[in-house]
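Hi everyone, thanks for coming. Please have the sequence and the picture open while I talk, and stop me whenever you like.

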Amino acid sequence: MSWSWRFETASGAVVDPSEVGGADFSAQGDAESWLGESWRDLAERGVGQVFLLEDGREVYGPMSLAAPE
């Protein structure tokens, strides 16, 4: 299995993973841990929301990367 994130702007435009440091992961937990460490940087690069994918199938999302107020 391969886990990855689909990145989108807040308006829903797809962001190329190579432009924001996206990667493939062998486990869901690894993908989620990476996002937990990287979400602020992603948001600064224009990513507004993400979707978790397993072998290209959407598992969940959209999940906003907006900082809590």
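Let me start with one residue, Glu-58, which is partly exposed, with a relative accessible area of 37%. On this scale, buried means under 20% relative accessible area, exposed means over 50%, and partly exposed is in between, using a 1.4 Å probe and protein chains only.

Before we go on, a word on where this comes from. This is a predicted model, where local features need pLDDT of at least 70, side-chain atom pairs count only at pLDDT 80 or more, and totals for chains, interfaces and linings use all residues. Residues are numbered from 1 along each chain as its sequence is written, and side-chain values use heavy atoms, with hydrogens and water left out.

Back to Glu-58. Which residue forms a salt bridge with Glu-58? The partner is Arg-6, and the closest N and O atoms are 3.3 Å apart. A salt bridge here is a side-chain nitrogen of Lys or Arg within 4 Å of a carboxyl oxygen of Asp or Glu. Arg-6 sits in strand E1 and Glu-58 in strand E4, so the pair ties together parts that are 52 residues apart in sequence. Arg-6 is partly exposed too, at a relative accessible area of 26%.

I keep saying "strand", so here is the rule: helices (H or I, at least four residues) and strands (E, at least two) are DSSP runs, numbered from the N terminus.

Now let's see how the strands fit together. There is an open sheet of 4 strands in the order E2-E1-E3-E4, with antiparallel pairing. Strand E2 (14-15) and strand E4 (57-64) are the edge strands, each pairing on one side only. For two strands to count as paired, DSSP has to find at least two bridges between them. As a reminder from your textbook, strands of a sheet pair through backbone hydrogen bonds, either parallel or antiparallel.

In the middle of the order, strand E1 (residues 3-8) and strand E3 (residues 49-54) are antiparallel and share 6 bridges. If you want to trace them on screen, Trp-3 has Glu-54 as its bridge partner in E3, and Ser-4 has Leu-53. On the other side, 2 bridges join E1 to E2, again antiparallel, and Phe-7 is partnered with Val-15 in E2. The hairpin of E1 and E2 has 5 residues between the strands, and there Gly-12 takes a positive phi near 100°.

What lies across E1, E3 and E4? That is helix H2 (residues 28-44), running at about 30° to E1. For that angle, axes are lines fitted to C-alpha atoms, for helices over the stretch in contact, and angles run from 0 to 180 degrees between N-to-C directions.

E1 is mostly covered, with 5 of its 6 residues buried. That leads us to the largest nonpolar core, which has 15 residues; those with the most contacts inside it are Trp-5, Phe-7, Leu-35, Leu-42 and Val-47. E1, H2 and E3 each supply at least two residues of this core, and H2 gives the most, with 5 residues. By definition, a nonpolar core is a set of buried Ala, Val, Leu, Ile, Met, Phe, Trp, Tyr and Cys residues joined through side-chain atoms within 4.5 Å. Try clicking on Leu-42: leaving out residues up to four places away in sequence, Leu-42 touches Phe-7, Val-20, Trp-34, Leu-35, Val-47 and Leu-65. Contact there means heavy atoms within 4.5 Å.

Let's return to the charged residues. How many salt bridges are there? The count comes to 4. One of them joins Arg-45 to Asp-41, with the closest N and O atoms 3.2 Å apart. Arg-45 is partly exposed at 46%, and so is Asp-41 at 37%. Another joins Glu-54 and Arg-57 (2.6 Å, N to O). Is Glu-54 buried or exposed? Glu-54 counts as buried, at 14% relative accessibility, while Arg-57 is partly exposed at 47%. Salt bridges with shared partners also join Arg-6, Glu-8 and Glu-58 into one network.

I'll finish with two backbone details. Most residues other than glycine have a negative phi, and most peptide bonds are trans. Asp-55 has a positive phi near 50°; its place is the loop between E3 and E4, and Asp-55 is exposed at 52%. Then the peptide bond from Gly-61 to Pro-62 is cis, with omega near 5°, and Pro-62 lies in strand E4.
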